[in-house]
Amino acid sequence: MQKNNCDKMLIKAIFLFILTYTSIFAQSEFQQFISHLYNLGTVEEKNAAIDSFMTYAGTVGIPFIEEDKANFIYNGSATSISIAGDFNGWDPSETKMTNIDGTSFFFKTMTFELNARLDYKFVLNNSDWILDPENPNHISGGFGPNSELAMPEYIQPWEINYNPSIPHGTQVRTIFSSLIMARDYSVIIYLPPGYDSLSASAYPTVYFQDGGDYIALGSALNVIDNLIDSSKIEKVIAVFVSPTNRNEEYAGAKRHQFAEFFATELVPHIDSIYNTIQLPSGRLVMGDSFGGNISGLISYKYPEIFGNCGLHSAAFWPNDNEVYNLIVTGEKKEINFAATWGIYEGLS
């Protein structure tokens, strides 16, 4: 470990020695490097400086982060490079990278909150979406893996990690056939540690849209186990439901039928098998993006079933903001809504 740190210090010292310091002492290290590149006369000199910087940056980490600045870097063959990510609504036209003339080096400096964590991809030549080849940190998303940018003060959530030393719930996997939808749905039921089907104290129930994704991408089973073990929540039964045609069922032509299936077929089925609290106050329905949209619709249409609704980065724009308008300006109903959105997200 000590030798490794010494190697990094030596590489940094050599790199800094290469830079020509004139009147740029107030600049950041990366700005100094860019200014140095622009001051070099030949392509050979620029490429030599780039090679030195890439060697140094590889020991520090890319994107090259300095306080609240993230310096995105691409060194390779391309006519244009853009960045698409959480910070620009995944619109690559919003964030073009700058090329140093005569070289294959592209860069873009952006400012973020010190505790930000963001997903992104590079878009080569306006068509080829790729992971950042210099960034080994990847994160799974609903549309495949993305490169991950974690700013210096970002803290990884402890509750998503599997803890082998605590009690764990059990899973029951089943297929539910809906008459209303004329479709089969994959359902995973989580039963908490020590679940007692005969207990006089029934269990509250949490229903998740995009159930498979909440488990695979959101580590929901670990989260529930950890929160129960740390007494942050009481023991719950969790029902993870995967859609068959997500857009149609969550935001499109089948949304009202899906809400009816969920409230009048699925919930009574779960209540008939498991020891659940059969009151609206004992049920929560929640989802992410379009899953938040349908969760809002389900709870609003069936408040006698769901007295609680979780809106996780809910996308409310479908059908002229139908669900948002119901919640905000419609008839007031006995529903507890809990909502969260990231800084770089909006209601749509």
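These are my notebook entries on the core, one buried residue, a helix and some strand pairing in a predicted model.

I counted local features only at pLDDT of at least 70 and side-chain atom pairs only at pLDDT 80 or more, while totals for chains, interfaces and linings use all residues. Residues are numbered from 1 along each chain as its sequence is written, and side-chain values use heavy atoms, with hydrogens and water left out.

**Core.** I looked up the largest nonpolar core (buried Ala, Val, Leu, Ile, Met, Phe, Trp, Tyr and Cys residues joined through side-chain atoms within 4.5 Å) and found 37 residues, of which Y207, F258, F261, F262, L266 and F306 touch the most other members. Helix α7 gives the largest share, eight residues; helices and strands here are DSSP runs (H or I, at least four residues; E, at least two), numbered from the N terminus. Leaving aside neighbours within four places in sequence, I found Y207 in contact (heavy atoms within 4.5 Å) with residues including F262, L266 and F306.

**N293.** This residue lies in helix α8 and is buried, with a relative accessible area of 0%, where buried means under 20%, with a 1.4 Å probe and protein chains only. Beyond four places in sequence, its contacts include Y250, F316 and P318.

**Helix α2.** I noted that eight of the 11 residues in α2 (residues 29–39) are buried, among them E29, Q32 and H36.

**Strands.** Strands pair if DSSP finds at least two bridges between them; β14 pairs in the parallel sense with β12 over four bridges and with β15 over five. I found F208 opposite M286 in β14, and D288 opposite H312 in β15.

Note on methods: Buried means under 20% relative accessible area, exposed over 50%, partly exposed in between (1.4 Å probe, protein chains only).
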